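Ready for a few warm-up exercises? Have a look at the model below, then work through the tasks one by one.

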Amino acid sequence: VPHLLSPPGVRLWFGPDQHCVCYPVSSGRQVSFGATVPASDWREESWSARGDVAGLAAAYAGWHEDVTRLIDAAGAVGRWALHDRDGIDRLSTGRVTVIGDAAHPMLPFQAQGANQSIEDAVVLAACLADAGPARLGTALRRYERIRLPRTTRIQRQSRDNAKTFHLSDGAAQRHRDTTAQTSPGLDRHEWLFAYDAEQAVTMRSA
């Protein structure tokens, strides 16, 4: 599927109860894709379970030919369940705090799980460096105040996207598609992608 490599970008296909996304990786030498499939009877928690290419192809029968060719080109696929868990309203207690998925488990529909873990680490490190060991509790509470509003917003947006991506055909689906076609690109996501974790700590200090 070389035509999916150029121009480089993220491609999305939406449909009732499922969607497919692909993007180039390995400096444009390969394509990575993720395809959701309703699987109410499967709950295994694993990052290494093997999927079934034929079964995935059957689930996307009748979709755009780019999607079906993408699946047919896969020699093997992995399979993992998506577990939606509510956020927590506190990250720190005493001298203990949590970051990453332990703090804000989120569905992958904003592609932000790993990024938010990195942002957590940057903010936490800066808060600890500013406070010093004698004021650990103060540093952890500050980290929580900085991070919790942002991660909560992203977590909720990821959950909302799970509904928006999987709309059945109808007025809401047509509105979504029209909005996507007239989107100004990344501008409306500046709050997400232009965030500076180090600057967030500085601003809170001011």
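Two strands count as paired if DSSP finds at least two bridges between them. Keep in mind that this is a predicted model.

**Exercise 1. Work out in which order the three strands of the open sheet are arranged, and which strands stand at its edges.**

Solution.
- Step 1: Start with β1 and strand β2 (residues 18-25), which are joined by five bridges and run antiparallel. Five clears the cut-off of at least two bridges, and one spot to look at is Gly-15, which stands opposite Gln-18 in β2.
- Step 2: Go on to β2 and β3, where six bridges join the antiparallel strands. Here Tyr-23 stands opposite Ser-32 in β3.
- Step 3: Put that together and you get an open sheet in the order β1-β2-β3, with antiparallel pairing. β1 and β3 (30-35) each have a single partner strand, so they are the edges, and one side of each has no neighbour in the sheet.
- Step 4: For the twist, neighbouring strands of this sheet are turned by 15° against each other on average, ignoring direction.

**Exercise 2. Find which residue takes a positive phi in the hairpin of β1 and β2.**

Solution. Go to the two residues between the strands of this hairpin, then check phi: Asp-17 has a positive value near 70°.

**Exercise 3. Decide whether Leu-12 is buried, partly exposed or exposed, and find the patch that includes Leu-12.**

Solution.
- Step 1: Locate Leu-12 in strand β1 (residues 11-15).
- Step 2: The relative accessible area of Leu-12 is 40%. Partly exposed covers the range between 20% and 50%, so Leu-12 is partly exposed.
- Step 3: Together with Val-10 and Tyr-23, Leu-12 forms a nonpolar surface patch with about 270 Å² of accessible area.

**Exercise 4. Trace the salt bridges of Arg-147 to Glu-119 and Asp-120.**

Solution.
- Step 1: Recall that side chains of opposite charge can pair when their charged atoms come close.
- Step 2: Between Arg-147 and Glu-119, the closest N and O atoms are 2.9 Å apart. This pair links helix α4 (residues 136-165) to helix α3 (residues 113-131), with 28 residues from one partner to the other.
- Step 3: For Arg-147 and Asp-120, the closest N and O atoms are 2.7 Å apart. Asp-120 is in helix α3 and Arg-147 in helix α4, so this pair ties together parts 27 residues apart in sequence.
- Step 4: Now check burial, which means under 20% relative accessible area. Arg-147 comes out at 0% and Glu-119 at 8%, so both count as buried. Asp-120 is buried too.

Methods:
Residues are numbered from 1 along each chain as its sequence is written. This is a predicted model: local features need pLDDT of at least 70, side-chain atom pairs count only at pLDDT 80 or more; totals for chains, interfaces and linings use all residues. Side-chain values use heavy atoms; hydrogens and water are left out. Patches are made of residues with over 30% relative accessible area and no salt bridge: like charges are joined within 9 Å, nonpolar side chains (Val, Leu, Ile, Met, Phe, Trp, Tyr) within 5 Å. Accessible areas come from the Shrake-Rupley method with a 1.4 Å probe; for residues, only the protein chains shown count as cover. A salt bridge is a side-chain nitrogen of Lys or Arg within 4 Å of a carboxyl oxygen of Asp or Glu. Helices (H or I, at least four residues) and strands (E, at least two) are DSSP runs, numbered from the N terminus. Buried means under 20% relative accessible area, exposed over 50%, partly exposed in between (1.4 Å probe, protein chains only). Axes are lines fitted to C-alpha atoms, for helices over the stretch in contact, and angles run from 0 to 180 degrees between N-to-C directions.
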